[in-house]
Amino acid sequence: MNEVDQDMSKLVGDYAIENYKNGLNCAESVYEALIRAGVLNADKETVAMCIGFGGGIGLSGATCGALSAAVMANGAVHGRKDPYGVDASVRGSEIAEKYYRRYNNMVREFVERNGSTSCEEMTGKYEDWECKDRRISCLKLIGATAQLAYKYLQIPQEEAFKLPYDKNMRNLK
């Protein structure tokens with residue numbers, strides 16, 4: 001993989017932590033940090049897409065909002081800009097053959113660091129959602145996930161298309 005600019009990675013993580021401390025949710029914190037650091041060329045208004053992902057999608061405890069934002073940011077840069085521009089005979093298969101590899105590896109790394117992608121599993125050990133320990137835990141996770149998003153933003157598309165799969169729903173049987 002490409003060499004990641006450690007200073008920029010730290011800046012992205014610091015921005016995400018600052019955002020969370022200032023009342024943004026986990027997804028907003030990651031996504032806005034990438035824009036502010038200049039590594040995601042997106043309109044500031046697109047941060048609005050992140051609002052529903054906090055607390056594992058509307059506090060439901062599903063997929064971590066910070067991870068969801070990392071995936072969205074990478075999709076904004078490396079996703080198919082015109083899916084209908086791809087021949088219909090390969091439009092569906094192309095996604096698994098090429099595009100999903102970036103995100104599959106991002107999830108693998110996230111799970112290696114955090115044990116799960118589930119907000120409920122990662123935060124359920126805290127008796128009170130508003131407690132200081134849960135907020136500190138999420139704060140650290142948000143900073144690290146912003147850095148993970150940045151790392152994957154730096155991987156050129158052709159290189160990402162060759163990444164190996166970890167767990168793969170197509171090959172579970």
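User: How much area does the protein expose, and what share of it do carbon and sulfur atoms supply?

Analyst: The protein exposes about 9600 Å². Carbon and sulfur atoms supply 52% of that. Areas come from the Shrake-Rupley method with a 1.4 Å probe. This is a predicted model, where local features need pLDDT of at least 70, side-chain atom pairs count only at pLDDT 80 or more, and totals for chains, interfaces and linings use all residues. Residues are numbered from 1 along each chain as its sequence is written, and side-chain values use heavy atoms, leaving out hydrogens and water.

User: How many helices and strands are there?

Analyst: There are 7 helices and 0 strands. These are DSSP runs, numbered from the N terminus: helices are H or I with at least four residues, strands are E with at least two.

User: What percentage of the residues is buried?

Analyst: Of the 173 residues, 44% count as buried. Buried means under 20% relative accessible area (1.4 Å probe, protein chains only).

User: New topic: H3. How many residues does it have, and how far does it reach?

Analyst: Helix H3 covers residues 65-78, which is 14 residues. From first C-alpha to last it reaches 20 Å, close to the expected 20 Å. The expected span is 1.5 Å times one less than the number of residues.

User: Which residues of H3 are buried?

Analyst: Among them are Gly-65, Leu-67, Asn-74 and His-78.

User: Which helices do the buried residues of H3 pack against?

Analyst: They pack against H2 (26-36), H4 (91-114), H6 (132-153) and H7 (157-160). Contact means heavy atoms within 4.5 Å.

How values were computed:
Buried means under 20% relative accessible area, exposed over 50%, partly exposed in between (1.4 Å probe, protein chains only).
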